[in-house]
Amino acid sequence: MSDDKARYEKIRVLLIEDESYTRHVIEGLLRQIGFNLISQAKEGGEGFKETVRVRPQVVLCDVHMEPVDGLDYLSKLRGFANAAIAATPVVFLTADKQQETVVSAKQLKVDGYLVKPVSLQLLKQRLDALLKFHSLI
């Protein structure tokens, strides 16, 4: 597994989640997979600033947060003037299966969904697929 983990060591991940316990759990899962460069934000406004500052290669983002939720974060990100930052892959973390939320996320070109609580296996599968698609691993 050490060779496998080495693939993830230099990948920058931003985790945007308002619940501190959930942030802690997901960060632990990311570290188990092999990610070391993990930034965090507590809501979408802070998350957008971190995205511009850190330039993550993938963002895991909760949908329901205050004052800036995941949909508003993704809308601002996709409309950003810097095309490389605007195209940052984003995976929503949510328990929300409401049609309106799903449709809005797809219109904003979300790169995927993970239903909370997130398992290590599903998190790794989703990130592997996304990182391979974007030629990052």
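These questions and answers cover the sheet and helix α4 of a predicted model. Local features need pLDDT of at least 70, side-chain atom pairs count only at pLDDT 80 or more, and totals for chains, interfaces and linings use all residues. Residues are numbered from 1 along each chain as its sequence is written, and side-chain values use heavy atoms, leaving out hydrogens and water.

Student: Which strands stand at the edges of the sheet?
Tutor: Strands here are DSSP runs (E, at least two residues), helices H or I runs of at least four, numbered from the N terminus. Two strands pair if DSSP finds at least two bridges between them. Five parallel strands form an open sheet in the order β2-β1-β3-β4-β5. Each edge strand has a single partner, so one side lacks a neighbour in the sheet: these are β2 (37–41) and β5 (112–115).

Student: Which residue in β4 stands opposite L60?
Tutor: Strands β3 (residues 58–62) and β4 (residues 90–94) pair in the parallel sense over four bridges. Opposite L60 in β4 stands V91.

Student: On which side or sides of α4 are the buried residues, and what arc do they cover?
Tutor: Buried means under 20% relative accessible area (1.4 Å probe, protein chains only). In α4 (residues 70–78), G70, L71, Y73, L74 and L77 are buried. The arc is taken from the directions from the helix axis to the C-beta atoms. They lie on the same side of α4, because their arc is only 160°.

Student: Which residue caps the N-terminal end of α4?
Tutor: Look for a side-chain oxygen 3.1 Å from the backbone nitrogen of L71. The oxygen belongs to D69.

Notes:
Buried < 20%, exposed > 50% of the residue type's maximum accessible area, 1.4 Å probe, protein only. Polar contact = N/O pair within 3.5 Å; in protein donor to acceptor, adjacent residues only side chain to side chain.
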